[in-house]
Amino acid sequence: MEEESSQFTEAETTHNMEREADEEEIDPESNPLNQPLLKRSQTVSSNPLAMVGAKVSYIESLDYEINENDLFKHDWRSRSKAQVLQYIILKWALAFLVGLLTGLIATLINLAIENIAGYKLLAVLHFIQKKRFFMGFIYFTGANFLLTMAAAVLCVCFAPTAAGPGIPEIKAYLNGVDTPNMFGAATLIVKIFGSIAAVSAGLDLGKEGPLVHIGSCIASLLGQGGPNNYRLKWRWLQYFDNDRDRRDLITCGASSGVCAAFRAPVGGVLFALEEVATWWRSALLWRTFFSTAVVVVVLRAFIEICSSRECGLFGTGGLIMFDVSNVTVKYRVMDIIPVVVIGIIGGVLGSLYNYLLHKILRLYSLINQMGRIHKLLLSLSVSLFTSACQYGLPFLAECRPCDPSFSETECPTNGRSGNFKQFNCPNGYYNDLATLLLTTNDDAVRNIFSTNTSTEYQISSLLIFFALYCILGLFTFGIAVPSGLFLPIILMGSGYGRLLGIAMGSYTNIDQGLFAVLGAASLMAGSMRMTVSLCVIFLELTNNLLLLPITMIVLLIAKTAGDSFNPSIYEIILHLKGLPFLDAHPEPWMRNLTVGELADAKPQVVTLHGVEKVARIVDVLRNTKHNGFPVADDGAVPPVGLATGATELHGIILRAHLLQALKKKWFLTEKRRTEEWEVREKFTWVDLAGREGKIEEVAVTRDEMEMYIDLHPLTNTTPYTVLESMSVAKAMVLFRQVGLRHLLIVPKYQAAGVPPAVGILTRQDLRPYNILTAFPHLAASSKSREKEN
């Protein structure tokens with residue numbers, strides 16, 4: 001697969017690429033017919049280019065709106081009650097399969113990681129016990145190097161879209177952005193095996209983000225009947241081969257992924273609601289909860305099976321589960337002060353982490369642009385640095401004596417999970433820094449979250465741990481391997497949380513392990529800016545409802561502090577990739593601009609007649625890249641009002657449906673409207689569900705050019721429309737909440753000679769950057785108003 005650019009790129013680079021691509025590509029939003037693009041000056045719209053995997057791709061919006069044409073209406077009228085019931089049952093069956101497969105794959109990933117990483121660490125400890133430290137280092141570094149190479153080669157050569165967490169692209173998809181190849185079979189396979197290799201290699205990344213992407217891939221493949229080249233042709237499964245139903249399934253998949261990562265079913269549902277989903281309704285809430293419930297049952301079943309040591313080294317570990325329910329959480333009114341402090345620290349550090357990660361990703365974009373070899377070298381360099389630090393830094397820590405109350409099997413712990421790694425220490429002593437570094441990431445979090453361990457960790461060891469994972473958290477994310485942000489942020493936050501717990505000492509009743517939990521929660525809220533879902537996830541992790549009040553305070557303060565500096569980390573990544581994500585809140589200056597003024601800054605809208613000549617349709621499709629065209633009839637007779645001369649706005653027709661009409665040669669020798677039975681003989685609802693094809697692939701003869709096509713049966717007769725006097729801010733809210741692809745602008749006054757549609761708003765037209773390009777005075781006025789305030 002040819003790679004044109006890096007995984008990450010900044011918005012300014014994207015716009016430079018747009019201007020360069022203009023010389024060869026037609027502007028997809030604003031190109032007048034038969035007019036060379038090179039001679040035009042752009043106004044509002046720009047090429048929707050974005051980074052998807054390792055390629056610069058053209059981005060289109062998804063058709064979430066119901067296309068109410070004649071075929072759709074006939075299809076729903078002809079469905080019996082039994083068919084409707086079968087459709088509903090199939091929806092729930094697919095939600096069940098999404099949860100089942102996500103739970104099974106998550107268990108497989110956990111089993112593989114625990115065993116691969118476990119046997120690797122056992123071999124390293126064997127060398128250390130024999131005082132062969134250099135051989136242990138070579139083995140440890142070499143194994144991590146090979147595992148990282150496997151993950152990087154899979155991503156770079158087979159599925160570049162599998163690199164990274166995938167959550168920003170899922171957010172964009174559920175916002176209405178079609179991100180190519182993000183949910184394919186190759187991406188799913190590479191994500192699974194790449195995550196196993198990358199996490200087993202000891203890199204500072206987690207499997208949580210990839211599991212969200214894996215659940216979404218499973219949902220998408222189930223909804224469309226399998227991979228693109230091997231789809232099932234079952235009639236009822238084809239009902240889900242549309243953007244609306246696939247959106248709901250992917251939402252279930254994202255919820256199931258979070259649930260599989262943290263064993264938090266309610267937290268998974270709330271994560272989808274708060275963070276990734278733009279569209280939500282009660283029926284979707286029930287199905288996502290059902291999917292997460294299935295995931296929990298699968299995980300619980302495998303935990304019971306593996307508890308008898310039948311899963312190798314997996315045992316009772318492998319999943320991030322921190323049970324502190326046996327600890328009584330006591331806090332006084334004065335304990336609110338350290339809770340507030342840790343919230344403020346989390347917000348400030350989270351925003352600082354976002355800022356520095358933004359700079360690192362911009363640097364990585366320059367390195368990755370040099371080609372595949374440089375991507376591999378970058379990933380392998382990070383692996384070598386990580387391995388050297390994890391193996392070498394524990395030698396700086398002093399050996400500590402075991403508590404006399406512990407037996408010899410409890411301290412030190414060799415060859416199994418525990419808080420007392422012997423490492424290079426003599427018998428009866430343990431190395432607290434090796435306990436945190438020379439282990440799997442899940443065990444490291446479990447160890448630092450442990451309660452009633454106020455004397456087990458030295459301040460110097462925690463400082464080294466915190467500083468190291470701050471550095472690794474910045475330099476590991478962005479390399480060409482599947483990676484998640486949850487676990488690195490948890491490790492960093494728990495480090496400074498435990499340090500604050502030691503600093504508070506006898507001034508608080510809160511346990512140091514609980515301080516670590518609060519520190520992790522605060523940093524996650526400060527970086528990701530989530531509150532409700534994080535609160536529930538941490539409650540389900542810790543299994544202690546008494547933590548609810550202080551966790552809520554920490555999350556709210558951390559998010560508020562972080563919002564004062566910069567956006568969330570996912571918004572930053574969306575901006576870097578150039579994905580046209582529409583925010584929930586419009587810019588204040590958008591209220592000073594009407595959609596009519598926005599339409600005036602664009603070329604005149606291209607309108608088709610209800611019965612249109614084939615030559616005109618071919619000309620329109622060849623010379624524009626529009627994906628929707630208003631359909632109007634001249635000389636219509638309205639039922640009331642003016643008698644003659646009116647123009648009827650019949651609706652809007654999609655480019656994909658025009659291509660279907662041309663491919664099926666649905667031509668008329670005379671200019672007339674067709675009967676309903678004629679349409680059903682030629683088209684089915686399945687034909688209109690697809691969006692593949694290009695005008696260059698359609699062959700039309702010279703004689704056919706003189707024939708006609710009746711567009712009325714294929715036209716969406718109920719498009720969303722707004723008056724030209726509506727503000728852009730209000731139109732943007734409508735566009736985003738309903739999940740539109742096209743929004744028709746109609747004139748405020750109807751009169752002779754006034755077109756029925758004065759313009760069309762698309763996603764690109766509503767992006768602030770594109771609007772300010774045509775109306776720079778709005779940006780100047782908003783900046784001056786901010787200075788006055």
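These notebook entries record what I looked up in a predicted model of one protein chain.

**Entry 1. The chain as a whole**

I began with the secondary structure and found 28 helices and 14 strands. I then turned to burial: of the 789 residues of the chain, 59% count as buried. The accessible surface comes to about 32200 Å². Carbon and sulfur atoms account for 60% of that surface. I also looked up how contacts are spread along the sequence. Taking contacts between residues at least 6 apart in sequence, I noted that 79% join residues at least 24 apart.

**Entry 2. Helix α16**

I next examined helix α16, which covers residues 486–504. What span should its 19 residues have at 1.5 Å a residue? The expected span is 27 Å, and the end C-alpha atoms are 27 Å apart, so the two values agree. I then asked how many residues of α16 are buried. The count is 16 of the 19, and α16 is therefore largely enclosed by the rest of the structure. Just after this helix I found Gly505, which takes a positive phi of about 55°.

Within α16 I looked up Pro488. Is Pro488 buried or exposed? Its relative accessible area is 3%, and because buried means under 20%, Pro488 counts as buried. Setting aside neighbours within four places in sequence, I found Pro488 in contact with Asp204, Leu205 and Gly206. I also recorded the separation of Pro488 from Leu203: the two are 285 residues apart in sequence, while their C-alpha atoms are 9.5 Å apart in space.

**Entry 3. Aromatic rings**

I counted 16 aromatic pairs in the model. One of them joins Phe262 and Phe486, with 5.3 Å from centre to centre and 70° between the planes, an edge-to-face arrangement. Where do the two partners lie? Phe262 belongs to helix α8 (residues 243–262) and Phe486 to helix α16, so that the pair links parts of the chain 224 residues apart. Both Phe262 and Phe486 are buried.

I also noted one aromatic cluster formed by Phe133, Phe137, Phe140, Tyr391, Phe395 and Phe423. Elsewhere a ring meets a charge: the charged end of Arg247 sits over the ring of Tyr64, 4.4 Å from the ring centre.

**Entry 4. Nonpolar cores**

Which residues touch the most other members of the largest nonpolar core? In this core of 125 residues, they are Phe262, Leu485, Phe486 and Met528. Helix α17 (residues 512–528) gives the most to the core, with 11 residues. I followed Met528 further, leaving out its neighbours within four places in sequence. Its contacts are Glu275, Leu485, Phe486, Ile489, Ser568, Ile569 and Tyr570. Apart from the largest core lies another, of 28 residues, which includes Leu71, Val618, Leu662 and Met707.

**Entry 5. Helix α26**

In helix α26 (residues 728–738) I listed the buried residues: Val728, Ala729, Ala731, Met732, Phe735, Arg736 and Val738. What do these buried residues pack against? I found three helices, α5 (167–175), α21 (595–600) and α27 (768–774), together with the strands β13 (743–746) and β14 (759–761). Just after α26, Gly739 takes a positive phi of about 75°.

**Entry 6. Positive phi outside glycine**

I then looked up two lysines. Lys131 has a positive phi of about 65° although it is not a glycine. It is located in the loop between α3 (81–129) and α4 (133–157). Its relative accessibility is 52%, and since exposed means over 50%, Lys131 counts as exposed.

Lys665 also has a positive phi, near 55°. This residue lies in the loop between α23 (655–663) and α24 (676–682). With a relative accessible area of 33%, Lys665 is partly exposed.

**Entry 7. Val341**

My last item was Val341, in helix α11 (residues 336–368). How is Val341 classed by accessibility? Its relative accessible area is 34%, and because this falls between the limits of 20% and 50%, Val341 is partly exposed. The C-alpha atoms of Val341 and Ile557 are separated by 9.1 Å, although the residues are 216 apart along the chain.

How values were computed. Residues numbered from 1 in each chain as written. Predicted model: local features only at pLDDT ≥ 70, side-chain atom pairs only at ≥ 80, totals over all residues. Heavy atoms only, no water. Helix = DSSP H or I, 4+ residues; strand = E, 2+ residues; numbered from the N terminus. Expected span 1.5 Å × (residues − 1). Buried < 20%, exposed > 50% of the residue type's maximum accessible area, 1.4 Å probe, protein only. Phe/Tyr/Trp six-rings, centres within 6.5 Å; stacked < 30°, edge-to-face > 60°. Lys NZ or Arg CZ within 6 Å of the ring centre and 35° of its normal. Core = buried A, V, L, I, M, F, W, Y, C linked by side-chain atoms within 4.5 Å. Contact = heavy atoms within 4.5 Å. Areas by Shrake-Rupley, 256 points an atom, 1.4 Å probe, with all protein chains shown as cover.
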